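Please look over the structure shown here, and then use the briefing below to find your way through its helices, cores, contacts and surface.

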Amino acid sequence: MERTWQPLGMDSTRFGPLPTEIAARCAPTELDQDTDTHLKGVAHDFSARILGGVCGIAGAFTVLDGLTVFLCYMLDTATGRAEFDSARTAESLTVQTRGLEPGRGLFWHPAPGTSPAAGIWVHYGFTGTGMWISPRQRRWAVLLTNKLYYTRDRQPLTDVRKPSANLSSADAAAVAVSGRHRVQSASDVSPGPRPCCREP
């Protein structure tokens, strides 16, 4: 928090479990069989909940504006506001798993249908989120969906993600992997203006 979120002004980004007043603004995820209520403001990941709400792969909550700030900073670390620079960003967007398939970076992996050389990276969250970034083209995209509210069936989200994957393909990334494109739900797939990083 002190090294990244606070310096970048990501004031709505925090670890859960969230206080009641903030949790009320959260999208619920899966139905908890133990309580017969949908999880809201707590990590969906069971291991994270056992560990008090946070683990290495789950437990952080944020909003679209927070992701906007974070991704823009990844594309332009010159301000030095957070404790990671262009070298660390480049390292995170490099395959770290040697011969394993699919190749993985730190948090990121090459977008489906692309190679690491294309420089288009994606991170998928289990509950339905997705982020794409292309430092080479200085563009990014965010997809915020909720795939778990009704079912764990992956196909509906896959159908939503396919256009996003195509948008981040090597042929179309220059147009669509952009801060000007956002998808908030499966029913909201039209692009809208968003704050974006400086163009080169």
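**Helix H3 and its surroundings**

In H3, the residues that count as buried (under 20% relative accessible area, with a 1.4 Å probe and protein chains only) are Leu 64, Gly 66, Leu 67, Thr 68, Phe 70, Leu 71, Cys 72, Tyr 73, Met 74 and Leu 75. This is a predicted model, in which local features need pLDDT of at least 70 and side-chain atom pairs count only at pLDDT 80 or more, while totals for chains, interfaces and linings use all residues. Residues are numbered from 1 along each chain as its sequence is written, and side-chain values use heavy atoms, with hydrogens and water left out.

**Helix geometry and burial**
- H3 covers residues 64-75 and spans 17 Å from its first C-alpha to its last, close to the 16 Å expected at 1.5 Å a residue, where the expectation is 1.5 Å times one less than the number of residues.
- Helices are DSSP runs of H or I with at least four residues, and strands are runs of E with at least two, numbered from the N terminus.
- Because ten of its twelve residues are buried, H3 is largely enclosed by the rest of the structure.

**Nonpolar cores**
- The largest nonpolar core (buried Ala, Val, Leu, Ile, Met, Phe, Trp, Tyr and Cys residues joined through side-chain atoms within 4.5 Å) has 20 residues, and those with the most contacts inside it are Phe 70, Leu 71, Met 74, Trp 108, Ile 133, Trp 140 and Val 142.
- At least two residues of this core come from each of H3, strand E7 (130-134) and strand E8 (139-143), and the largest share, eight residues, is that of H3.
- Another core, of six residues, lies apart from this one and includes Ala 111, Val 122, Ala 141 and Leu 143.

**Polar and charged contacts**
- Thr 114, in the loop between strand E5 (109-110) and strand E6 (121-124), counts as buried because its relative accessibility is 17%, and a polar atom of its side chain lies 2.6 Å from the backbone oxygen of Ala 111.
- One salt bridge (a side-chain nitrogen of Lys or Arg within 4 Å of a carboxyl oxygen of Asp or Glu) is found in the whole structure, and the side chains of Glu 83 and Arg 3 meet in a salt bridge at 3.7 Å, N to O.
- Glu 83 lies in the loop between H3 and helix H4 (86-92) and Arg 3 in the segment before strand E1 (14-15), so the pair ties together parts that are 80 residues apart in sequence.

Definitions and conventions
Buried < 20%, exposed > 50% of the residue type's maximum accessible area, 1.4 Å probe, protein only. Polar contact = N/O pair within 3.5 Å; in protein donor to acceptor, adjacent residues only side chain to side chain.
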